[in-house]
Amino acid sequence: MSPSMLVTVVLALSTLAFWQGKRRAFALSRQASTTRMHSRPGYYGMLTALWCAVPALVIVVAWQSASDPILTRIVMDGVREAKGALSPDQLNLMINDVRNLVSGSIYSQNVDPVLQLAAKRYQSMMHIGNMAMAVLALSTALGTAYYAYSRIKPTLRARNHVEMAVEILLTLCSTIAIFITVGIVLSVLFESIRFFQQVPLTDFLFGLKWSPQMAIRADQAGSSGSFGAIPVLTGTFLISGIAMAIAVPFGLMSAIYLSEYAGPKFRATVKPLLEILAGVPTVVYGFFAALVVAPLIRDIGLSFGLSVSSESALAAGLVMGIMIIPFVSSLSDDVINAVPQSLRDGSYGLGATKSETIKLVILPAALPGIVGSILLAVSRAIGETMIVVMAAGLAANMTVNPLQAVTTVTVQIVTLLVGDQEFDSPKTLAAFALGLLLFIVTLVLNVIALYVVRKYREEYE
Amino acid sequence: MSATQQSTMDRVHKGLAARYRKEKRFRLFGLSAIIMSLAFLVLLLGSIGAKGYTAFLQTEILLDIHLDAETLDVENLATANYGSLVKRAMLDNFPQVKGRRDKRELSKLVSTGASFQLQKLVMSQPELIGTVLSLWVPADDEVDMFVKGHISRELPESSRRINDKEIEWIDQLQAAGRIKKSFNATFFEAGDSREPELAGIRGATMGSFYTLLVTLLLSFPIGVAAAVYLEEFAPQNRLTDLIEVNINNLAAIPSIVFGLLGLAVFLNFMSLARSSSLVGGLVLTLMTLPTIIIAARASLKSVPPSIREAALGVGASKMQTISHHILPLALPGMLTGAIIGMARALGETAPLLMIGMVAFIVDVPSGFSDPATVLPVQIYLWADSPERAFVERTSAAIMVLLFLLLTMNATAVILRNKFERRW
């Protein structure tokens, strides 16, 4: 019986248990007229259904996740006895062969008989295991359902039990956020540690050359890869800097105009239109940058006699800046609106014009919040991927000239990890080290930004 | 005394004109920032629209194909040489063309898809064999580009991908009424292809559909459950604080990091199927969960406490209050948040590149574990292709994607306007 089939059967049994439990509760409530049932009949049904499904499903899940490692171990022990000592690499190779034999994706005839035997053993054990598990799960389902069914009495506090189960479920769902964070940290950290075992941390953080090539043969040209992250970081900050140079003035001025000058009608039409800029997928911006903006900049540069790379940092940064405008403007808008009206009135009372009030009163008052929103925007810019993948270069030039091609952290992660990879070469592991760097930088920026914004809000509320 | 006062007023008056000018200038800056931003938007959408609208039409060539019984063996229709039939029909149009090279170039004006089209037709209607069939077949992508005017004939011959001889042939075909532009149904019905004229977005759209379905089925229930716990049950303690901090941080983490997580956990650790919409959906679930939780919490918060108190007052348990009263009232807001989260997931590309959804996949996926790609990734793949015709198709695919996003967001707005209650 296949696992999905088994789950379906268990769920069907549990539905049946629901109706049986409910019926019994109804019957009891009619029959025992003196004592009232504690809960409504549906709750008794639900309790029975829960008792039926949960233990059985736990068994199924446990077997599904544990069976493969256990069986592989048993089978490979047999292989080791037949073959003698094996290196870990050979062992992994054989495990893969056995796996492929089991799933039937090796069609060649001349397979090692030892492995064939192992595959057969694996298959037969898996078959027996699955059968045993099915029997166990189904009998558990029936047994626990009967146990719950037999306990249905007017005094059973079924509603409380069911509600307790639901509350546990809700709690589990809310802790998923923690698990995701832990998962991100562990997965990135684990691979990064493996990377730093092969490439020293100082080389990575302070190295000035980035060329993630690994030699296949020892005597090959350019055989030594170098993993210095500085050029990649320079490129990232160059492009993000250009983006912020566009996004901050435009976003801030838009926010000021919308919150201080614009009438309600203008605001109601323009704000959603600006939000569209934030809703356009980044791949669209990337296409726009690569196809429209980059050639445009190159042509303009040529007419001034400048040689501009067709993957210039300027094009990518410019388009990224456009993308971030609504981000800066909507966050700053909130912050500016939160400045109390009394400050404005005081300034007007002294005879200041509107722009003087904005420049000398409102902006200083809103500054922490604006800084916070700019920091959030910077972290967006640093983590932005598609625009730079499509419009920025691959070669890690260490330059601050915006007309040249540079590369970024995200571009390198994508290029190193797209396609098939082996997971023991520093080349692929470097991507995880870059990912760790990206995660830490954005996390720090976010934490500072959220802290600044929150602290500022408390002052006026 | 009066003299100094006079001079202060004077100073104020003297400076006034300059200050008003400054005021005007500042205001103009603000307005021009908005106008520039909107101009960027118009430029972005306009350039994509201008590039893409022609992709909805496809150039076709009329061929009179003689389906002779010799080439088409009734017993073995699947393997017959349809290509030669198409070639012969093309050559029949130009009896003056001699020489192997010219002949080969001539037959290349027709797409390689023509023979598949013919094969399908003959296999479904074997009674056609022996007749002469007039059939519109798709033209090659370069011909398509030329007919649509994307390749100018003024260019020197060496710098265009279609030579003078071919242009002459196309002109002759056009004069004979054998070239027309019709609605490009292939674009909506086919999967990916190396040939632009045969490539379509159906595979990517179905991939997006399955991926989003997984995302919705997982992230909406989990997100709502988490929001209910945090809003209604969570005690004020360290764990709750930790959860809240995590949710806020996850919402701001670059999406590509979620791709790394998916690669390390779902592919390497759990060894799920690479390139499948299941894994894509799982990764996007992790990414959209914070958005959905935050939206659902806001929506739960907006339900007034009087509802809660009334339900508790008539003896409902806390769980009953929530499931019978609060959730139904908060549901429209939660759905709005979910749709907006789904729209973001639909446009997401970077994390999916990490988990191998970037492969060249011709078949339309028909399940959650089939190798699939999604619409934004398809756009990325096509944008990298060198053929001129793919630029047009990329833009068209972007238009479809933007249309889908617009529909989703419009649904969210309508839903909110229709069901939102002001208490």
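B:Ser275 is buried, at a relative accessible area of 10%; buried means under 20%, exposed over 50%, and partly exposed in between (1.4 Å probe, protein chains only). You'll find B:Ser275 in the loop between helix H10 (255-269) and helix H11 (277-301) of chain B. Helices here are DSSP runs of H or I with at least four residues, numbered from the N terminus. Although B:Ser275 is not a glycine, its phi is positive, about 65 degrees. For background, most residues other than glycine have a negative phi.

A quick word on the ground rules. This is a predicted model, where local features need pLDDT of at least 70 and side-chain atom pairs count only at pLDDT 80 or more, while totals for chains, interfaces and linings use all residues. Residues are numbered from 1 along each chain as its sequence is written, chains are lettered from A and ligands numbered from 1 in the order in which they are written, and side-chain values use heavy atoms, with hydrogens and water left out.

Now for the salt bridges. Side chains of opposite charge can pair when their charged atoms come close. The cut-off used is a side-chain nitrogen of Lys or Arg within 4 Å of a carboxyl oxygen of Asp or Glu. Over all chains, the structure holds 15 salt bridges, including these:

| Acid | Base | N to O distance |
|---|---|---|
| A:Glu356 | B:Arg19 | 2.7 Å |
| B:Glu392 | B:Lys148 | 3.0 Å |
| B:Glu232 | B:Arg308 | 2.6 Å |

Start with the salt bridge between A:Glu356 and B:Arg19. This pair crosses between chains, running from A:Glu356 in helix H12 (residues 354-383) of chain A to B:Arg19 in helix H1 (residues 2-52) of chain B. A:Glu356 is partly exposed because its relative accessibility is 21%, and B:Arg19 is partly exposed too, at 23%.

Then there's B:Glu392 with B:Lys148, which form a salt bridge within chain B. B:Glu392 sits in helix H16 (residues 388-419) and B:Lys148 in the loop between helix H5 (141-147) and helix H6 (164-175) of chain B, so the pair ties together parts that are 244 residues apart in sequence. Both B:Glu392 and B:Lys148 are buried.

B:Glu232 and B:Arg308 make a salt bridge as well. They link distant parts of the chain, 76 residues apart: B:Glu232 is in helix H8 of chain B and B:Arg308 in helix H12 (residues 305-313) of chain B. Both B:Glu232 and B:Arg308 are buried. Salt bridges with shared partners also join B:Asp144, B:Lys148, B:Glu392 and B:Arg393 into one network.

Helix H8 of chain B has a packing partner. H8 (residues 202-233) packs with helix H15 (residues 375-383) of chain B at an angle of about 145 degrees, with the axes 8 Å apart. These axes are lines fitted to C-alpha atoms over the stretch in contact, and the angles run from 0 to 180 degrees between N-to-C directions. B:Ala204, B:Thr205 and B:Ser208 in H8(B) meet B:Leu375, B:Pro376 and B:Gln378 in H15(B), where contact means heavy atoms within 4.5 Å.

Over on chain A, A:Leu91 lies in helix H3 (residues 88-103). A:Leu91 is buried, with a relative accessible area of 16%. Its C-alpha atom is separated by 8.6 Å from that of A:Arg80, 11 residues apart along the chain.

A:Ile300, in contrast, is partly exposed, with 43% relative accessibility. A:Ile300 belongs to helix H9 (residues 282-303) of chain A.

Methods: Helices (H or I, at least four residues) and strands (E, at least two) are DSSP runs, numbered from the N terminus.
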